[in-house]
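This briefing walks through one protein model, topic by topic, for a reader who is new to structures of this kind. Please keep the sequence and the 3D view open while you read.

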Amino acid sequence: MVRFMVFCLLALVWSTTEISGLRRGDFSKVVKFPVSSSSQFPRAVISKSLPPMDEFTLCSWLKLTSSEEREFVFFSYAVGNGGDSDEIMASVNRTTSTTELKIKIANQLARLSCATFTVGNFHKVCITWTSVKGRVQFYVDEDMCSAQVNGVAVGTQVRNGGTIVLGQDQDTVGGGFSSDQSYVGDLTQLNLFDELLDQDQIRRASTCLSKTFKYSPCCYQEDEISGNIISW
Ligand SMILES: *[C@@H]1O[C@H](CO)[C@@H](O)[C@H](O)[C@H]1NC(C)=O
Ligand SMILES: [Ca+2]
């Protein structure tokens with residue numbers, strides 16, 4: 001068990017590394033995003049094309065290690081050519097009084113303040129969206145964060161063929177980064193499903209069902225489910 005944990009805690013620092021074929025059990029368990037003032041660094045690009053999606057569930061373990069009051073973008077997927085073409089952008093936004101989770105889908109924003117998300121600890125964050133009524137739900141650890149948000153990108157589809165970047169916001173496809181939106185901390189087990197997971201499935205999606213390691217990012221269990229689009 002100890003060896004397994006050590007293996008899990010091995011970390012890599014990426015700058016402009018291309019990550020291909022993320023799979024469960026890969027060496028690259030945790031990506032560390034150190035503090036940087038460069039607008040280019042740190043970031044990681046996943047070479048993976050997404051299908052068009054009219055609903056999705058995005059889950060990731062996040063440990064934000066900065067208490068700066070600003071936005072920290074952990075996932076961005078951009079399609080098209082130029083402009084602020086956020087097809088999907090997910091972030092944590094900290095202020096003195098709140099920590100909110102944000103997602104932009106087709107450039108439309110949903111945000112929710114989630115008291116259970118704290119700096120310096122690993123949390124499993126899941127965000128679901130469906131084009132039906134444009135409903136967005138945020139989950140931290142095993143619980144849904146208060147109310148759902150409606151009216152986000154109603155009746156639209158997330159387009160295929162874009163580029164996924166972890167740890168930075170793309171204002172253009174594969175570029176347009178800014179240091180004041182960069183993610184600072186650890187990120188692991190990012191899973192993307194082109195389906196709307198329900199509460200029970202959310203619990204099983206990269207959730208450590210093992211009691212001992214409940215809030216550790218490294219505890220795969222038999223009945224855990226992983227993303228059919230991105231599986232880490
Ligand atoms: C962060 O949250 C605050 C408070 O809700 C808000 O005023 C601010 O615009 C947000 N920043 C971003 C980048 O969304
Ligand atoms: Ca930006």
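A residue is called buried if 20 or more other C-beta atoms lie within 10 Å of its own, exposed if 12 or fewer do, and partly exposed in between. By that rule V45 is partly exposed, because 19 other C-beta atoms lie within 10 Å. The model discussed here is predicted, and the points below begin with the whole chain before turning to single strands and residues.

**The chain as a whole**

- The secondary structure of the protein comes to two helices and 14 strands, and buried residues make up 39% of its 232 residues.
- Among the contacts with a separation of 6 or more, 64% join residues that are 24 or more positions apart.
- V45, which lies in strand β4 (residues 44-47), gives an example of two distant positions brought together: V45 and I164 are 119 residues apart along the chain, while their C-alpha atoms are separated by 5.8 Å.

**Confidence of the prediction**

- The mean pLDDT of the protein is 78, and 76% of the residues reach 70 or more.
- Over residues 1-28 the pLDDT is below 50, and this stretch has 36 contacts in the model beyond near neighbours in sequence.
- The pLDDT is also below 50 over residues 208-222, a stretch with 22 contacts beyond near neighbours in sequence.

**Strand β5 and its two partners**

- Strand β5 (residues 55-64) is mostly covered, since eight of its 10 residues are buried.
- One partner of β5 is strand β10 (residues 123-130), with which β5 pairs in the antiparallel sense over eight bridges; within this pairing, S60 has V125 as its bridge partner.
- Another partner of β5 is strand β14 (residues 185-193), and this pairing is also antiparallel, over seven bridges.
- Between β5 and β14, W61 stands opposite T188, and K63 has D186 as its bridge partner.

**Strand β14 and strand β3**

- β14 is itself mostly covered, with eight of its nine residues buried.
- Strand β3 (residues 30-33) runs antiparallel to β14 and is joined to it by four bridges.
- D186 in β14 is the bridge partner of K32, and D186 is likewise the bridge partner of K63.

**From β10 through β11 to β12**

- Strand β11 (residues 135-140) is largely enclosed by the rest of the structure, because five of its six residues are buried.
- β10 and β11 run antiparallel and are joined by six bridges, with T128 standing opposite Q137 in β11.
- These two strands, β10 and β11, form a hairpin with four residues between them.
- β11 also pairs in the antiparallel sense with strand β12 (residues 143-144), over two bridges, and here Y139 stands opposite M144.
- β11 and β12 form a hairpin with two residues between them, and D141 in that turn has a positive phi of about 55°.

**Positive phi angles in two loops**

- K133 is a residue other than glycine with a positive phi near 60°, and its place is in the loop between β10 and β11.
- K133 counts as exposed because it has 12 C-beta neighbours inside 10 Å.
- A106, which is not a glycine either, has a positive phi of about 45° and lies in the loop between β8 (99-105) and β9 (108-113).
- With 19 other C-beta atoms within 10 Å, A106 is partly exposed.

**The nonpolar core**

- In soluble globular proteins, nonpolar side chains tend to be buried together.
- The largest nonpolar core in this model has 56 residues, of which F74, L101 and I127 touch the most other members.
- Leaving aside residues up to four places away in sequence, I127 touches L58, A90, L101, I103, V136 and F138.

**The surroundings of ligand 1**

- Which residues are around ligand 1? They are E71, N93, T95, T98, E100 and K102.
- This shell divides into three polar and three charged residues, with no nonpolar residue among them.

Key:
Residues are numbered from 1 along each chain as its sequence is written. Chains are lettered from A and ligands numbered from 1 in the order in which they are written. This is a predicted model: local features need pLDDT of at least 70, side-chain atom pairs count only at pLDDT 80 or more; totals for chains, interfaces and linings use all residues. Two residues are in contact if their C-beta atoms, placed from the backbone, lie within 7 Å. Two strands pair if DSSP finds at least two bridges between them. A residue is near a molecule or strand if its C-beta atom, placed from the backbone, lies within 6 Å of it. Ala, Val, Leu, Ile, Met, Phe, Trp, Tyr, Cys and Pro count as nonpolar, Asp, Glu, Lys and Arg as charged, and the others, Gly among them, as polar. A nonpolar core is a set of buried Ala, Val, Leu, Ile, Met, Phe, Trp, Tyr and Cys residues joined through C-beta atoms within 7 Å. pLDDT is the predictor's confidence in each residue, from 0 to 100.
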